[in-house]
Structures are given as C-alpha cells and as structure tokens.
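Got a new model open and not sure where to start? Let's walk through it with a few questions and answers.

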Amino acid sequence: MALRRRAALTSKRRRAVRYTLDQVDAADGRDFRRMVGRLLVRDGWADVRGVRVNDSGVVHLVGQRPDGQRLGVAFERRVESSRQGGTRSAAVLRSVRTTAGIEPGETAASVPPALLLVVSSGTFARSRVLWAARTGVRLIDRAMLQRWAAGEDLALLLGLGTADVLSDSA
C-alpha cells in the first residue's frame, strides 16, 4: 500500500512541474534558472541553490542527491558559435566544480563524482560537444530540455540508468 501511495505522489509531483518550450523561451535568465531548479528538485536533487560565479552576476545552480552525489549546472541561452569552442564553459564550470566538489574532511573515494551540466535553450556547436565529451560535462540542448521539461526524469534523459532514478524521494 505504501508503495502505491509513494508512486501516486511521485506521479502527481512530476505532473505538477512541467514546462513547455514557449514558457522556456519567454523566461528571462532568472526564471530559466528557477525552472531548471524546480525540475532538479522534482527529479530528487536536494539543496538546489544558486551560486554567484563572478562579479558580473553570473549565477549557476548546485545541488546534491541523498546518496551524496553533487551537481553543478551552468546555463547558456543561445545557439553556440563554433568559434567559441569549449573555453567559455570551462571557465564557467570551474567555480561550479569547486562548489560541487569535495568538502573538507571528505576523500575522493567517499564522494561520488559531481555531475556537471550545461543547460541551453538552444543548440551546441560541434566543438562544444567535443569539449564536453573530453571533460565529462553533460550537455542538455533544446531537444533534451523539451523532454525533461515535459516530465522525463533527468537520470533517464542522461542515460544514467534506472537505478539512479530517485522516483521515491520528495
């Protein structure tokens, strides 16, 4: 009985936190981050909060799963030019890596590696995709964002496996 109730609550939560691409496109930077934050919480991430990365006002999200895995999310709201390559995202995620990294007193063996994402409402240039593959950063482009915002779990979307889906967490 408890399993059915938990599944019903999870289903209700997933239906409540959904967005269309029109809503994503209409959102300003702050609202876009808020949407992504709500999607992360819906999918079981906790302590999701914004962190200021530099003096220019750039803010990213960090979070954590109950199993200790950390998360860092950077945002891009446009189509990438192939001339930019991965250097901009590398700089952008440097602070997120630190914030989402190992805390004092922890060892690398005791903490799962951080999941680093760049979420875009547009597309990524080939050079950006290659950079992400080399650095272990996961990219969420417009097509993936549409599926995620429509209700698909982030773990399934990224191919992390069904064992990683936290469907029973609130």
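Q: Which residue in E3 does Leu 61 stand opposite?
A: Keep in mind that this is a predicted model. Strand E2 covers residues 59-64 and strand E3 covers residues 70-76; they run antiparallel, joined by 4 bridges. Leu 61 has a partner across the way in E3, and that partner is Val 73.

Q: In what order do the 5 strands sit in the open sheet?
A: The sheet's pairing is mixed. Its edge strands, each pairing on one side only, are E1 (46-52) and E5 (138-140). Going from one strand to the next, the twist averages 25°. The full order is E1-E2-E3-E4-E5.

Q: Which helix lies across E1, E2, E3 and strand E4?
A: Strand E4 spans 115-120, and the helix we want runs at about 150° to E3. Helix H6 (residues 142-149) packs on the sheet too, but what H6 touches is E4 and E5. The helix lying across E1, E2, E3 and E4 is made of residues 29-42, and that's H3.

Q: What angle does the direction of helix H6 make with that of E5?
A: H6 packs on the sheet and touches both E4 and E5. Compare the directions of H6 and E5, and you get about 75°.

Q: Which element gives the most to the largest nonpolar core?
A: This core has 25 residues, and Val 119 and Trp 148 touch the most other members. At least two residues each come from H3, E3, E4, H6 and helix H7 (154-157). The top contributor gives 5 residues, and it's H3.

Q: Which residues does Val 119 touch, leaving out those up to four places away in sequence?
A: Val 119 is a member of the largest nonpolar core. Its contacts include Phe 32, Val 36, Ile 140 and Leu 145. Add the rest and the list closes with Val 73, Ala 74, Phe 75, Glu 76 and Trp 148.

Q: How many residues are in the other core, which lies apart from the largest one?
A: Among its members are Leu 116, Val 118, Phe 124 and Ala 132. Counting the whole set, this other core comes to 8 residues.

Q: How many helices and strands does the protein chain have?
A: Read from the N terminus, the elements go α-α-α-β-β-β-α-β-α-β-α-α. Tallied by type, that's 7 helices and 5 strands.

Q: What share of the protein chain's residues count as buried?
A: Buried here means under 20% relative accessible area. The chain exposes about 9,400 Å², with carbon and sulfur atoms supplying 53% of it. Of its 170 residues, the buried share is 44%.

How values were computed. Residues are numbered from 1 along each chain as its sequence is written. This is a predicted model: local features need pLDDT of at least 70, side-chain atom pairs count only at pLDDT 80 or more; totals for chains, interfaces and linings use all residues. Side-chain values use heavy atoms; hydrogens and water are left out. Two strands pair if DSSP finds at least two bridges between them. Axes are lines fitted to C-alpha atoms, for helices over the stretch in contact, and angles run from 0 to 180 degrees between N-to-C directions. Contact means heavy atoms within 4.5 Å. A nonpolar core is a set of buried Ala, Val, Leu, Ile, Met, Phe, Trp, Tyr and Cys residues joined through side-chain atoms within 4.5 Å. Buried means under 20% relative accessible area, exposed over 50%, partly exposed in between (1.4 Å probe, protein chains only). Accessible areas come from the Shrake-Rupley method with a 1.4 Å probe; for residues, only the protein chains shown count as cover.
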